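Student: I am new to this structure. Please go through the reasons behind the terms used for it.

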Amino acid sequence: MISIFFKNIVFNDEIDLTRSSAIYIEISGHAGLNTKGSDILCSAISVLSQTFILTVERVLKIKQQINRDNGFLSTSIVLEDVTAK
């Protein structure tokens, strides 16, 4: 099973990021639809999560601490220098 864990993010009518100086996102596990390396659902989640992390880092220029391991991806996004627009 794939698990996605969000910490310090409040979902109401909109996403509220004002309660913390950093948010944490962790994605781990395996979908189990096919063998590792051939599972299309795992591939899709991997592509979307890595695209999100690269967008935050390279396009939005927001600092992160990224951890990658086999079947595990996490990021801690520092919000100190982020301003609302």
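**The second pocket and the sheet**

Tutor: This is a predicted model. In it, H1 gives the most to the lining of the second largest pocket, with six residues.

Student: Which elements each supply at least two residues of the lining of the second largest pocket?

Tutor: Strand S4 (22-29), helix H1 (40-59), S5 and S6 do.

Student: What makes a residue one of the 21 that line the second largest pocket?

Tutor: A lining residue has an atom within 4 Å of a point of the pocket, so the 21 residues are those that meet this cut-off. The closest to the centre are Gly29, Cys42, Ser46, Gly71 and Phe72. The volume of this pocket is about 460 Å³.

Student: Why does Gly29 count as polar in this lining?

Tutor: Gly is placed among the polar residues by definition, so Gly29 is counted there, while Cys42 and Phe72 count as nonpolar. The lining as a whole divides into six nonpolar, 11 polar and four charged residues.

Student: How do you know that S5 and strand S6 (residues 72-78) pair?

Tutor: Two strands pair if there are at least two bridges between them. S5 and S6 have six bridges, in the antiparallel sense, so they meet the definition. Within this pair, Gln64 stands opposite Ile77 in S6.

Student: What is the order of the strands in the open sheet?

Tutor: The four strands run in the order S1-S4-S6-S5, with antiparallel pairing.

Student: Why are strand S1 (2-7) and strand S5 (64-69) called edge strands?

Tutor: Each pairs on one side only. Neighbouring strands of this sheet are turned by 5° against each other on average, direction ignored.

Key
Residues numbered from 1 in each chain as written. Predicted model: local features only at pLDDT ≥ 70, side-chain atom pairs only at ≥ 80, totals over all residues. Heavy atoms only, no water. Axes fitted to C-alpha atoms, helices over the stretch in contact; angles between N-to-C directions. 1 Å grid on protein atoms, 1.4 Å probe; cavity = no way out; pocket = protein on both sides within 12 Å on 5 of 7 lines; lining within 4 Å. Points joined across faces, edges and corners; volume = space filled by probe spheres on them.
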